[in-house]
Amino acid sequence: MEQPAFIDNLRDNTLEKALAQSLGDAVDPPAEVRIATGFFSPAGFARIADRLSAIPSVRLMLGVDLSADRPPATKQLGEAAEAFERRRMAVSLRRVDAGLAGESASMPFTRTSRAALRKLANALNAGNVEIRRYERAFLHAKAYILGNPENGDGGGAGTIAGSSNLTVAGLTTNLELNLGRYDGPVVQRSIRWFDDL
């Protein structure tokens, strides 16, 4: 089966289908998956959750959009650049957390949203999914790293990187551009990039 190399969500050429092919429709699914995404939604996760359940190690790295509510960009007298950036990030993260708390409190409990949250909770309880939030800067990257050529996923290992976030629209309807690479050195470099972050 040909690996998905060009994914734009047009004419049924969706990232959801490309991931289904690489994760669950493949004869030999990968042993590990790493996903970096700037934005995340439980409903987007639910679209691929069933396929991820059979994979022993799934690691999600989520971005935090700090651009909407940035604190004033003024350094304190004598403050080093690194200290200023840490302080700015801490203030921004507190604002983001407060916003998320308000957003979750007002989230409608529809059948669809309940099902998506249940899939996310089930995945976390299964123990094969690890989720972390990247807090050093705004993680804008979107990468789906499937398998590891060094751990026996040879021909099935690949990296799909581009513009699609792990949201329903990013996986299905937004006009996106994602390119798939299945050569070992690129996949290994993608894994190192992810693990370093």
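What follows is a short conversation about the sheet, the helix contacts and a salt bridge in this predicted model.

Reader: Happy to dig in! What makes β1 and β4 the edges of the sheet?

Author: Start with the strand order, β1-β7-β6-β5-β2-β3-β4, in an open sheet of seven strands with mixed pairing. β1 (6-7) and β4 (129-133) each have a single partner strand, so one side of each is left without a neighbour in the sheet.

Reader: How do you know that β6 and β7 are paired?

Author: Two strands count as paired with at least two bridges between them. Four bridges join β6 (residues 158-162) to β7 (residues 178-181), so the pair meets that cut-off. The two strands run antiparallel, and A161 has L179 of β7 as its bridge partner.

Reader: Which helix packs on the sheet, and which strands does that helix touch?

Author: That is α6 (residues 184-196), which touches β2 (32-37), β3 (57-62), β5 (143-146), β6 and β7. The direction of α6 makes about 60 degrees with that of β2.

Reader: Now the helix pairs. Why are α2 and α4 called oblique to each other?

Author: The axes of α2 (residues 42-52) and α4 (residues 111-126) cross at roughly 60 degrees and come within 8 Å. An angle under 35 degrees would count as roughly parallel, and 65 to 115 as roughly perpendicular. The value falls in neither range, so α2 and α4 are oblique. The crossing is left-handed.

Reader: Which residues make that contact, and how do they divide by class?

Author: From α2 come P42, A43, F45, A46, A49 and D50, and from α4 come A116, L117, K119, L120 and A123. By class there are nine nonpolar, no polar and two charged residues.

Reader: And why is the term for α1 and α2 "roughly parallel"?

Author: The axes of α1 (residues 15-23) and α2 cross at roughly 10 degrees, coming within 10 Å. That angle lies under 35 degrees, so the pair counts as roughly parallel. In this contact E16, L19, A20 and L23 of α1 meet R47, I48, R51 and L52 of α2. These residues divide into five nonpolar, no polar and three charged.

Reader: One last point: what makes K119 and D50 a salt bridge?

Author: The N to O distance is 3.0 Å, and the cut-off is within 4 Å between a side-chain nitrogen of Lys or Arg and a carboxyl oxygen of Asp or Glu. The pair therefore qualifies. K119 sits in α4 and D50 in α2, 69 residues apart, linking distant parts of the chain. A search of the whole structure finds ten salt bridges.

Methods:
Residues numbered from 1 in each chain as written. Predicted model: local features only at pLDDT ≥ 70, side-chain atom pairs only at ≥ 80, totals over all residues. Heavy atoms only, no water. Contact = heavy atoms within 4.5 Å. Axes fitted to C-alpha atoms, helices over the stretch in contact; angles between N-to-C directions. Parallel < 35°, antiparallel > 145°, perpendicular 65-115°, else oblique. Left-handed = near helix turned anticlockwise from the far one by under 90°. Nonpolar A, V, L, I, M, F, W, Y, C, P; charged D, E, K, R; others polar.
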